Amino acid sequence: MSDKKINLNTVSINHLHMITGMLPENAVEEINKHIDDVIIPTQDSVSYNLVGQINQGKKSSQLDFDLKTPYGQQFKGMLDSFATALLQQGYKREGKADAVECWTVHSYAGDYNPFHSHGTATPAGLSCILYLKVPDCIKEKPTPNNSDWNINHASGDCDGFTQLIYNTATSYDVYSLHASGQEMIKPEVGKIYIFPKWVNHQVYPFFGEGERRTLSANFNVYYSENENKKFGVVSDWL
Ligand SMILES: [Fe+2]
């Protein structure tokens with residue numbers, strides 16, 4: 001054997017890219033103020049187009065967040081820049097993301113969102129979740145993957161959490177060294193996640209006082225002509 005040192009590296013092959021970040025407190029306050037002053041009073045329900053079972057509280061609702069108003073345009077600019085960053089930095093694609101619909105979810109005790117994914121007009125699309133209000137009964141839960149987090153013993157440790165499910169791996173598959181296909185997200189005020197529209201997700205109900213407020217958006221994805229060519233797609237057809 002050579003006495004030269006052999007460097008070994010572990011290599012991970014990723015198949016799902018997301019963007020996540022924390023909005024500053026004043027930005028969250030400003031968005032919540034716009035929702036309180038404009039979105040809630042307008043009461044433009046979009047429940048007919050959403051699977052959320054948001055109906056247990058007097059204020060339970062799913063409301064349109066108009067991206068065409070001056071405030072909406074400014075907000076859309078921020079969302080589009082985040083989503084385009086995922087496209088370009090995560091997926092290494094030439095193109096841009098364009099938020100086309102946006103809505104708020106005002107959940108109270110017992111409300112939940114069943115397993116689903118989102119749709120967009122373009123074949124590739126992105127979706128986002130931004131947490132804007134989190135009740136204390138969710139805040140006080142342990143954080144997933146920490147040693148004190150355990151959903152056995154009827155602990156309620158996933159109450160009010162969002163779960164992403166992006167493949168069908170069972171626990172036995174994971175034991176056999178396949179990649180896990182699930183991620184449990186504990187809501188945190190200001191945290192935003194952007195991911196491909198095909199990622200299935202669900203939200204578990206919580207049981208306690210207060211509002212769990214989130215904002216979601218869907219983005220069409222427009223590739224450059226050059227990017228389309230790589231996939232044999234003629235841009236004019238889209
Ligand atoms: Fe959703």
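**Exercise 1. Which residues does Ala83 touch, not counting residues up to four places away in sequence?**

Solution. This is a predicted model, in which local features need pLDDT of at least 70, side-chain atom pairs count only at pLDDT 80 or more, and totals for chains, interfaces and linings use all residues. Residues are numbered from 1 along each chain as its sequence is written.

Step 1. Apply the contact criterion: two residues are in contact if their C-beta atoms, placed from the backbone, lie within 7 Å.

Step 2. Leaving out residues up to four places away in sequence, Ala83 touches Ala97, Ala99, Leu126, Cys128, Ile194 and Phe219.

Step 3. Place Ala83 in the largest nonpolar core (a set of buried Ala, Val, Leu, Ile, Met, Phe, Trp, Tyr and Cys residues joined through C-beta atoms within 7 Å). A residue is buried if 20 or more other C-beta atoms lie within 10 Å of its own, exposed if 12 or fewer, and partly exposed in between. This core has 36 residues, of which Ala83, Leu126, Cys128 and Ile194 touch the most other members. At least two core residues come from each of helix 1 (25-42), helix 2 (70-90), strand 3 (95-107), strand 5 (125-133), strand 8 (191-196) and strand 10 (212-223).

**Exercise 2. Give the strand order of the sheet of 6 strands and find its edges.**

Solution. Step 1. Helices (H or I, at least four residues) and strands (E, at least two) are DSSP runs, numbered from the N terminus. Two strands pair if DSSP finds at least two bridges between them.

Step 2. The order is 1-8-5-10-3-2, in an open sheet with antiparallel pairing. Strand 1 (19-22) and strand 2 (61-64) are the edges, each pairing on one side only.

Step 3. On average, neighbouring strands here are turned by 20° against each other, direction ignored. Axes are lines fitted to C-alpha atoms, for helices over the stretch in contact, and angles run from 0 to 180 degrees between N-to-C directions.

Step 4. Inside the sheet, strand 5 and strand 10 run antiparallel and are joined by 8 bridges. Lys133 has Arg213 as its bridge partner in strand 10.

**Exercise 3. Do the corresponding analysis for the sheet of 4 strands.**

Solution. Step 1. This open sheet has the order 4-9-6-7 and antiparallel pairing. Its edge strands, strand 4 (113-116) and strand 7 (182-185), each pair on one side only.

Step 2. Neighbouring strands of the sheet are turned by 15° against each other on average, direction ignored.

Step 3. Strand 4 is joined to strand 9 (residues 200-203) by 2 bridges. Val203 in strand 9 is the bridge partner of Asn113.

**Exercise 4. Which strands do helix 1 and helix 2 lie across?**

Solution. Step 1. Helix 1 lies across strand 2, strand 3 and strand 5, at about 95° to strand 5.

Step 2. Helix 2 lies across strand 1, strand 3, strand 5, strand 8 and strand 10, at about 125° to strand 3.

Step 3. Helix 1 bends by about 40° at Ile35, where the bend is the angle between axes fitted to the seven residues ending there and the seven starting there.

**Exercise 5. Is Gln43 buried or exposed?**

Solution. Step 1. Gln43 lies in the loop between helix 1 and strand 2. Although not a glycine, Gln43 has a positive phi of about 50°.

Step 2. Most residues other than glycine have a negative phi.

Step 3. Gln43 counts as exposed because it has 9 C-beta neighbours inside 10 Å.
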